[in-house]
Amino acid sequence: MFKNQNTAKQTFFKQSFFYPLLNFWLVILLLGGLTLSAYSDPPVTQAAFAGVGTGLDSPFGMNVHAVSRYIPNGSGDDYGMPFQQAKNMGVGWTREEISWDRVEPKPGQWNWGFADKAVNASLSRGIQILGLLEYNVNRSGGGNATISHTMPELNAWKTYVRQVVTRYKDKIRYWQIWNEPQDPVFFASADPGQYAQLLAASYDTIKAIDPGLKVVSAGFVPVSNGIDWMEQMIAAGGRDKFDILGIHPYVNDPTPNVPGGSMSPERGYWLSAGMNLAQGLAARLGNRPIWATELGFNTENTDPNRHNKVSPEQQANYLVRTYAMGLSTNVQKYFVYQFHDDTSNPRDRYGLVGTDWKSQKPAYGAYANMVARLTGSTPLGQVDPYEGSGSYSTLFDFNGGGAGTNCQAGNPNNGYWNCYASSSASVNMSYTAEQARSGKSLKVDYNLYNTSRDRYVSLIPAGFPGLNFAPKKIGFWAMGDATQTEMHLHVIDNNNTRYVYTLGRMGAPSQGWQRYEAQLANPNVPAGPANLALPLKGMELVLDGWPKSTTYSGTAYFDDFYAEDGLPLYMFRYAKNGQHVDVAWADGAQGTVNIPTASGSATVYNRNGQPSTVTAQNGKLAIHVSDSPVYIEHQAPAMSNPSAPSASACPQTGADELRSRFQPTWEKFDEAITSGRASRSWMWGPTTHRFVQESYEEGQGGCRTVLYWDKSRMEITNPSGNPGDKYYVTNGLLARELVSGVIQTGHNRVVTAAQGPAQIPAAGDSGNNPNTPTYAAFARVTSLNNDKWQPNQNGKVVTDTIDRHGNTGTNPGLANYNVRLTNYVDVTHHNIADIFWQFMISRGPVKVNGNYIEGDAVDWIYSIGLPLSNPYWARVTVAGVEIDVMIQIFERRVLTYTPSNPAGFKVEMGNIGAHYATWRYGSAR
């Protein structure tokens, strides 16, 4: 899987260090090339979210559809107007139909003029393009072709695909195949097997043109009903014929055909139902990237009998709220449908502008402000300002007893929690620390196995704790298993009335711990507003095997059930420029919420971008929230994160008897430098920093001893192991953790750092260094979730640049340094710079068992790991002077190339050990 042009023989070693996403590597010795032959993807406990970038990394998409739907105003119209309007609101991507009937109106007669103009108009304004290849042609009329939604003849279809992709391959790198084929309106047969054939033919044709081009599957809608169709399509041969999973996560009205039924993304279960279904499927496909290529809200009912209309104000609110939630998922891009109101369909009023392509609805300004507020930020996930206040009470945390509960059909056992299994189900429960948001969690092994009958399991606490307030919300945290089991919360009031709340679908392990909440005023059963008689008597969490077409079997974890007396508040936090941006709203309500802050005041922007200042009182910001989201820019205090490693969980100093056992590892690589035998950059550095014990599940007593150096960290997890073994002392995934903001606390366990990704320059001076990209900025180009892939560009001169905020570009003048890409790694999909590769395979004097021998001076799999990004040039301040430095992120370290440095020190390990200790503890020492 390495494409290596170097024919030297290289030896790789299996490494006994576990970590999320890129775990154990079995490395095989080959001549003329390197192949990784084993790769596993264990579950993680917290997800890292991609930074909100620009250009190719922008998540802000739009179905502008100018190629197919804009009518030029005269022959001189270059399609600039619609794309300029889109650029003005911050759109980074457009999805454009390049349909067969338009580009080949008659057999063999190709018409490119209109498409050329539109493509150029988009790209010249910095808007990237997802090309949509769609629909068969009907040539029976004798004139120009018309659209047909039937299955095309595959050879003719491949000719169309080849012609379009070949023409635009250097301008359009992503291609989607067909639109919503599970719907007979768009694909007459709606046959998943036929679409699998169509997808395979398209994929093979596109990859033959350029293997670096990416294929997006057709978006399916609604996600909840389309999942079975997609599974059938994948089973019919489509599994490996797309690179990116396309979805259309429109909100489904939870009370269909009822006037005034809420279409909000929260009550429409957008995040927990449709999105989790898609992410579960992507997880089963090896964490395939996901793009939402259509989503939106209609300001007109789609037909006279369906009440799915929203007001223009609601459309603006809901779009911002959808993005604010969605950016804290593993979905990479969101394309709003659509930019303009459809001119031919009066019931298609999804546009952010009118049929004239320029008269703006409220959503236009709301979208533009959202892009301005969130670009350059890193999502930190959902936060709850009520937590820790008198309006919040923990109901169950599972940190008590640890006995398991085995439930047979119709025979529940009593315990701290009871459980019940229907006749077509089974369940086992236990309390465990193997996956927990805090302390212990409730582990549930379940099997819903009979597809011909109703099957479910109920998880039932023995009672309901007393509360000092009338609860308005009950919530909990769950770690899903990608089975997408449906969850319902039943609440029993003092009159023994049972209220049922549909919470949505269980997520995938890659999504980490997710919050699920039931707003008690809005039950599904009985329909209508609830009038609960207090105090509450009990509740049940029901795992339901619906739909019946498949079985559901897996292991899920539940933790920290809570009740809350407050607004139906949603707040998602982002880190930006050393501060935080909180996006907050109340679904269908309004009021004031007190948000903890470390700032004396905050700038608050309303949905449309008007600022105001709120002064803090006693460490709190009194913020008015409503259906309309607001952006709160301030410095949030360190969150009380129950998953974060506790400072008191392990001794604050390392085990003294182990300090000397680190010495041979340092001596092997670095004593040759201090003795004058070698003139090369440090592996560990001359200076030690913190000597401490850190939480690690497999360590003795849940702790391990670590020693920080300038360039990395040494770890001893098993002191009773063989000190002579190479991996007795390991070094951690420091680069991955700094970029992602996620800390590893066990072989298969990670937690999210409360401080988020590191806002520390990745190279150069630690002080005044204003233009150097931070570790957090590198999240935009770093593969953290099997994403951010780059094509194999072996031999290409490196001219790519990255700035302080992670924005990328090119500078042709940097070609003068003549650094080229080499050694493409198929697993992480990144090239290594040739200057780094030569450093990584360099040899020299190393000290082994007291003697100097000629050996690997770096031992790169052990010390550096696989590349997680391509190399980028940056402007870096070194000793007070700003210069060109190349930076590349690997799993364990950062490599830098400074052309102006003396020989032997042009390539160096970054000071990642000191940086990491500063990020984690506040100071290096």
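Five strands form an open sheet in the order 17-20-25-22-23, with antiparallel pairing. Strand 17 (417-421) and strand 23 (498-505) stand at its edges. Each has a single partner strand, so one side of each is left without a neighbour in the sheet. On average, neighbouring strands here are turned by 20° against each other, direction ignored. The model is predicted.

Inside this sheet, look at strand 22 (residues 486-492) and strand 25 (residues 538-544). They run antiparallel and are joined by 7 bridges. One pair sets the register: E486 has D544 in strand 25 as its bridge partner. Strands of a sheet pair through backbone hydrogen bonds, either parallel or antiparallel.

Two loops beside these strands carry unusual backbone geometry. Most residues other than glycine have a negative phi, and most peptide bonds are trans. N496 sits in the loop between strand 22 and strand 23. Its phi is positive, about 65°, although N496 is not a glycine. N496 is exposed, with a relative accessible area of 55%. P526 lies in the loop between strand 24 (514-519) and strand 25. The peptide bond from V525 to P526 is cis, with omega near -10°.

Strand 26 (residues 552-564) comes next. It is mostly covered, with 11 of its 13 residues buried. Three antiparallel connections can be traced from it. Strand 15 (residues 392-396) is joined to strand 26 by 4 bridges, and S393 stands opposite A563. Strand 19 (residues 441-448) contributes 7 bridges, with Y446 partnered by G554 in strand 26. Strand 21 (residues 473-479) adds 6 bridges, and W477 stands opposite D559.

Now turn to the nonpolar interior. In soluble globular proteins, nonpolar side chains tend to be buried together. The largest nonpolar core here has 99 residues. L133, W175, Y195 and Y367 have the most contacts inside it. W175 touches, among others, I98, L130, L133, V164, Y168, I206 and V216, not counting residues up to four places away in sequence. Another core lies apart from this one; it has 42 residues, among them F662, I716, L821 and M840.

Two further backbone exceptions deserve a look. Y135 is in the loop between strand 6 (128-133) and strand 7 (136-138). Y135 has a positive phi of about 75° although it is not a glycine. Unlike the exposed N496, Y135 is buried, with a relative accessible area of 6%. A cis peptide bond joins Y337 and Q338, with omega about -15°. Q338 lies in the loop between strand 13 (331-336) and helix 10 (362-374).

Further along the chain is T877, in strand 45 (residues 872-878). T877 is buried, at 7% relative accessible area. The buried threshold is under 20%. Leaving out residues up to four places away in sequence, T877 touches G764, D765, N768, N769, P770, T772 and E882.

The walk ends at helix 15 (residues 912-921). Of its 10 residues, 8 are buried, so the helix is largely enclosed by the rest of the structure. The buried residues are I912, G913, A914, H915, Y916, A917, W919 and R920. Their cover includes strand 34 (688-700), strand 35 (703-709) and strand 36 (713-716). Helix 12 (734-740), strand 37 (742-746) and strand 47 (894-897) are also part of that cover. After helix 15 comes G922, whose phi is positive, near 100°.

Methods: Residues numbered from 1 in each chain as written. Predicted model: local features only at pLDDT ≥ 70, side-chain atom pairs only at ≥ 80, totals over all residues. Heavy atoms only, no water. Buried < 20%, exposed > 50% of the residue type's maximum accessible area, 1.4 Å probe, protein only. Helix = DSSP H or I, 4+ residues; strand = E, 2+ residues; numbered from the N terminus. Contact = heavy atoms within 4.5 Å. Pairing = 2+ DSSP bridges. Axes fitted to C-alpha atoms, helices over the stretch in contact; angles between N-to-C directions. Core = buried A, V, L, I, M, F, W, Y, C linked by side-chain atoms within 4.5 Å.
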